[in-house]
Amino acid sequence: MKKVTLIKSLICSKPNQRATAKSLGLNKIGDYIVHNDDAVLAGKVKVLAHLVKVETVEG
């Protein structure tokens, strides 16, 4: 499982990056989700790579 935490602001980000963050449930700095590690999550994290921190969590 992966823990994805928003660490930078979405203010100056592109619309597709904001939409991706919203689809993950990341609205404010410090928000996080714990999700299964799959291809969908990997693609979303790639779009937001400069805005998020990804950690592996035992689950």
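Colleague: Where is Thr-20 found?
Modeller: In this predicted model, Thr-20 is part of helix α1, which covers residues 15–24.

Colleague: Why is Thr-20 called buried?
Modeller: Its relative accessible area is 14%. Buried means under 20%, so Thr-20 with its 14% is counted as buried.

Colleague: Which residues does Thr-20 touch, not counting residues up to four places away in sequence?
Modeller: Thr-20 touches Lys-44, Val-47 and Leu-48.

Colleague: What makes Gln-17 a buried residue?
Modeller: Gln-17 is also found in helix α1. The relative accessible area of Gln-17 is 11%, and the cut-off for buried is under 20%. Gln-17 therefore counts as buried. Leaving aside neighbours within four places in sequence, Gln-17 is in contact with Val-47, Leu-48 and His-50.

Colleague: Why is Ala-21 called buried?
Modeller: The value for Ala-21 is 0%. Since buried means under 20%, Ala-21 meets the definition. Ala-21 belongs to helix α1. Beyond four places in sequence, Ala-21 is in contact with Leu-10, Leu-26 and Leu-48.

Colleague: How do you know that the buried residues of α1 are on the same side?
Modeller: The buried residues in α1 are Gln-17, Thr-20, Ala-21 and Leu-24. They cover an arc of only 100° around the axis, which puts them on the same side of α1. An α-helix has 3.6 residues a turn, so residues three or four places apart point the same way.

Colleague: Which residues are exposed on the other side of α1?
Modeller: Pro-15 and Lys-22 are exposed there.

Colleague: What covers the buried residues of α1?
Modeller: The cover includes β2 and α2.

Colleague: Which residue follows α1?
Modeller: Gly-25 comes after the helix, and its phi is positive, near 90°.

Colleague: Why does Leu-26 count as buried?
Modeller: Leu-26 lies in the loop between α1 and β2. Its relative accessibility is 0%. Buried means under 20%, so the label applies to Leu-26. Apart from neighbours within four places in sequence, Leu-26 is in contact with Val-4, Leu-6, Leu-10, Ala-21, Asp-31, Tyr-32, Ile-33 and Val-52.

Colleague: What makes a set of residues a nonpolar core?
Modeller: The residues must be buried and of a listed kind, such as Ala, Val, Leu or Ile, and they must be joined through side-chain atoms within 4.5 Å. The largest nonpolar core in this model meets that rule with twelve residues, among them Val-4, Ala-21, Leu-26, Leu-48 and Leu-51. β1 (2–6), α1 and α2 (39–47) each supply at least two residues of this core. In soluble globular proteins, nonpolar side chains tend to be buried together.

Colleague: Which residues is Val-4 in contact with, leaving aside its neighbours within four places in sequence?
Modeller: Val-4 is in contact with Leu-26, Asp-31, Tyr-32, Ile-33, Leu-41, Val-45, Val-52, Lys-53 and Val-54.

Colleague: How do you know that Leu-51 is buried?
Modeller: Leu-51 sits in the loop between α2 and β3 (52–56). The relative accessible area of Leu-51 is 4%. Set against the cut-off of under 20%, that value makes Leu-51 buried. Not counting residues up to four places away in sequence, Leu-51 touches Thr-5, Leu-6, Ile-7, Lys-8, Ser-9, Leu-10 and Ser-13.

Colleague: Why does Ser-9 count as partly exposed?
Modeller: Ser-9 lies in the loop between β1 and α1. Its relative accessibility is 35%. Buried needs under 20% and exposed needs over 50%, so a value in between, such as the 35% of Ser-9, gives partly exposed. Ser-9 is in contact with Ile-29 and Leu-51, leaving aside neighbours within four places in sequence. The C-alpha atoms of Ser-9 and Asp-38 are separated by 25 Å, and these residues are 29 residues apart along the chain.

Colleague: Why is Tyr-32 called exposed?
Modeller: Tyr-32 has a relative accessible area of 51%. Exposed means over 50%, so Tyr-32 passes the cut-off. Tyr-32 lies in strand β2, residues 32–35.

Colleague: Which residues form a nonpolar patch on the surface?
Modeller: Met-1, Tyr-32 and Val-34 form it, with about 290 Å² of accessible area together. A patch residue needs over 30% relative accessible area, and Tyr-32 has 51%.

Colleague: How far apart in space are Leu-51 and Tyr-32, C-alpha to C-alpha?
Modeller: Leu-51 and Tyr-32 are 12 Å apart in space and 19 residues apart in sequence.

Methods: Residues are numbered from 1 along each chain as its sequence is written. This is a predicted model: local features need pLDDT of at least 70, side-chain atom pairs count only at pLDDT 80 or more; totals for chains, interfaces and linings use all residues. Side-chain values use heavy atoms; hydrogens and water are left out. Patches are made of residues with over 30% relative accessible area and no salt bridge: like charges are joined within 9 Å, nonpolar side chains (Val, Leu, Ile, Met, Phe, Trp, Tyr) within 5 Å. Accessible areas come from the Shrake-Rupley method with a 1.4 Å probe; for residues, only the protein chains shown count as cover. A salt bridge is a side-chain nitrogen of Lys or Arg within 4 Å of a carboxyl oxygen of Asp or Glu. Helices (H or I, at least four residues) and strands (E, at least two) are DSSP runs, numbered from the N terminus. Buried means under 20% relative accessible area, exposed over 50%, partly exposed in between (1.4 Å probe, protein chains only). Contact means heavy atoms within 4.5 Å. The arc is that of the directions from the helix axis to the C-beta atoms.
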